[in-house]
Amino acid sequence: MKENESQSPAIYLDNAATSWPKPPAVWAAMERCMRESAANPGRGSHAMAIRASRVLFEGRKSLARLFNIANPNDIAFAMNATHALNMALQGLLRPGDHVVSTTLEHNSIRRPLEALKRTRGIDVTYVPADAAGRLDPERVEAAVTPKTRLIAVSHGSNLLGSIVPVTDLGAIARRRGAKLLVDAAQTAGALPIDVESMGIDLLAFPGHKGLMGPQGTGGLYIHPELELEPLLYGGTGSRSESPDQPAARPDRYEAGTPNTPGIAGLTAGVEFVRAETVESIARKERSLTDTLLKGLWEIPGVAVLGPEPGEERTAVVSFTMEGVDPSETAFILDQQFNIAVRSGFHCTPLGHETAGTTNTGAVRASPGYFNTESEIVSFIEAVKEIRRAYPS
Ligand SMILES: Cc1ncc(COP(=O)(O)O)c(C=O)c1O
């Protein structure tokens, strides 16, 4: 074991929090935008302002192609997935509405829902997933009532790695007259998403995880027939004479100067994903995850959370180690092995209740497209070494 003295981790396994590294084309696009196109988009008719508007439109077009969205203007940019989820939940829900959600949710769905229970008198049912994070769509349908306005779910659990059957939930929402909100924080860029065939009315996504863009980027797809009350009101550069927020999209949902350089980077990230293809990214991450799962399952005293090896899952592998606090494991991995993972509760106390790890939390290792098989093997060796140093 050696002390960590370098600037960046030797092995980065925290891609579920934010992906790293980013493709060089992402930094290059951001730098180019800062040098050539960083005027205020939509707020002027000079050449650089028009170039800045084009940066945003190119981003919308790339994202629309990735998610099979017919009209790029149905995508509103946001700061992150949390911002997009708040736009959706606060924009849609009214007093008396009922929401069906799940016990897999991240705080970025749960906290806005709990706040809306207090402030708007909405009602929420959290349908339990099993301890490995599998969600039965029949249980979701059984929770739907005539007042259910929304089914709100994360596509992939950020603790357990389980994948929610979104297409089945889309069919339930259609059949029962509800809308479907999908939190794609763990799946955008990592699993295929098609808003049409999956029946998604609202898709919230971060730009900084699987889409390989910078932090401070994300977005929300809003079905063309669905009207949301804006989360923010203010300047859009359009219809400035009116005191009312414009009706036209995307301006209606994008008050204030946007993160144009960030969106330039996000667009380069999305184009990288499209060029590599989501399918090949999913295959590579699946292979890394299988190696990780197999290695951890074989270590005595290590308990891996989530679906069994062989079942479908995202590249998220959480575990506990008998006799070692997860935060200590993560600390040793960082300080002595220069390996970055995340420990604690991962912003999902509901997920930890589901997994039965409320008292301990867990260590989460989340590989990304740029990890290698040999890095995963080194990680497993490090966990074994820690295990030997702390016999239970
Ligand atoms: C399932 C899930 N939803 C939402 C979020 C929040 O994403 P952001 O940090 O982009 O707001 C995360 C972040 O880890 C997540 O894993």
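**Close-up 1. Gly-121, just after helix H4, has a positive phi.** In this predicted model, the phi angle of Gly-121 is about 65 degrees. Helix H4 itself covers residues 107-120.

**Close-up 2. Helix H4 has the length expected of its residues.** The helix holds 14 residues. At 1.5 Å a residue they should span 20 Å, and the end C-alpha atoms are 18 Å apart, so the two values agree.

**Close-up 3. Buried residues of H4 pack against helices and strands.** Which residues of H4 are buried? They are Asn-107, Ser-108, Ile-109, Pro-112, Leu-113 and Leu-116. Their helix partners are H3 (81-92) and H11 (349-355). Their strand partners are E3 (98-102), E4 (123-127), E5 (148-154) and E6 (179-183).

**Close-up 4. The ligand sits among 13 residues.** Which of these residues come nearest to the ligand? They are Thr-82, Asp-183, Gln-186, His-208 and Lys-209. By type, the shell around the ligand has 4 nonpolar, 7 polar and 2 charged residues.

**Close-up 5. Side chains of Asp-183, Gln-186 and His-208 make polar contacts with the ligand.** In the side chain of Asp-183, an N or O atom is 2.6 Å from a nitrogen atom of the ligand. For the side chain of Gln-186, the distance from an N or O atom to a ligand oxygen atom is 2.7 Å. His-208 places a polar side-chain atom 2.8 Å from an oxygen atom of the ligand. How much of the ligand does the protein bury? Taken alone, the ligand exposes 390 Å², and the protein buries 90% of that.

**Close-up 6. The peptide bond from Trp-20 to Pro-21 is cis.** Its omega is near -5 degrees. Pro-21 belongs to the loop between strand E1 (11-12) and helix H1 (24-36).

**Close-up 7. Arg-249 and Pro-250 are joined by a cis peptide bond.** Here omega is about 0 degrees. Look for Pro-250 in the loop between strand E8 (218-222) and helix H8 (260-276).

**Close-up 8. Met-212 has a positive phi without being a glycine.** The angle is near 70 degrees. Met-212 lies in the loop between strand E7 (202-206) and E8. Is Met-212 buried or exposed? Its relative accessibility is 5%, so Met-212 counts as buried, the cut-off being under 20%.

**Close-up 9. Asn-338 has a positive phi, yet is not a glycine.** Phi is about 60 degrees. Asn-338 occupies the loop between helix H10 (326-337) and strand E11 (339-340). With a relative accessible area of 9%, Asn-338 is buried.

Notes:
Residues are numbered from 1 along each chain as its sequence is written. This is a predicted model: local features need pLDDT of at least 70, side-chain atom pairs count only at pLDDT 80 or more; totals for chains, interfaces and linings use all residues. Side-chain values use heavy atoms; hydrogens and water are left out. A residue is near a molecule or strand if one of its heavy atoms lies within 4 Å of it. A polar contact is a pair of N or O atoms within 3.5 Å; within protein, one must be able to donate a hydrogen and the other to accept it, and residues adjacent in sequence count only if both atoms are side-chain atoms. Accessible areas come from the Shrake-Rupley method with a 1.4 Å probe; for residues, only the protein chains shown count as cover. Ala, Val, Leu, Ile, Met, Phe, Trp, Tyr, Cys and Pro count as nonpolar, Asp, Glu, Lys and Arg as charged, and the others, Gly among them, as polar. Helices (H or I, at least four residues) and strands (E, at least two) are DSSP runs, numbered from the N terminus. The expected span of a helix is 1.5 Å times one less than its number of residues. Buried means under 20% relative accessible area, exposed over 50%, partly exposed in between (1.4 Å probe, protein chains only). Contact means heavy atoms within 4.5 Å.
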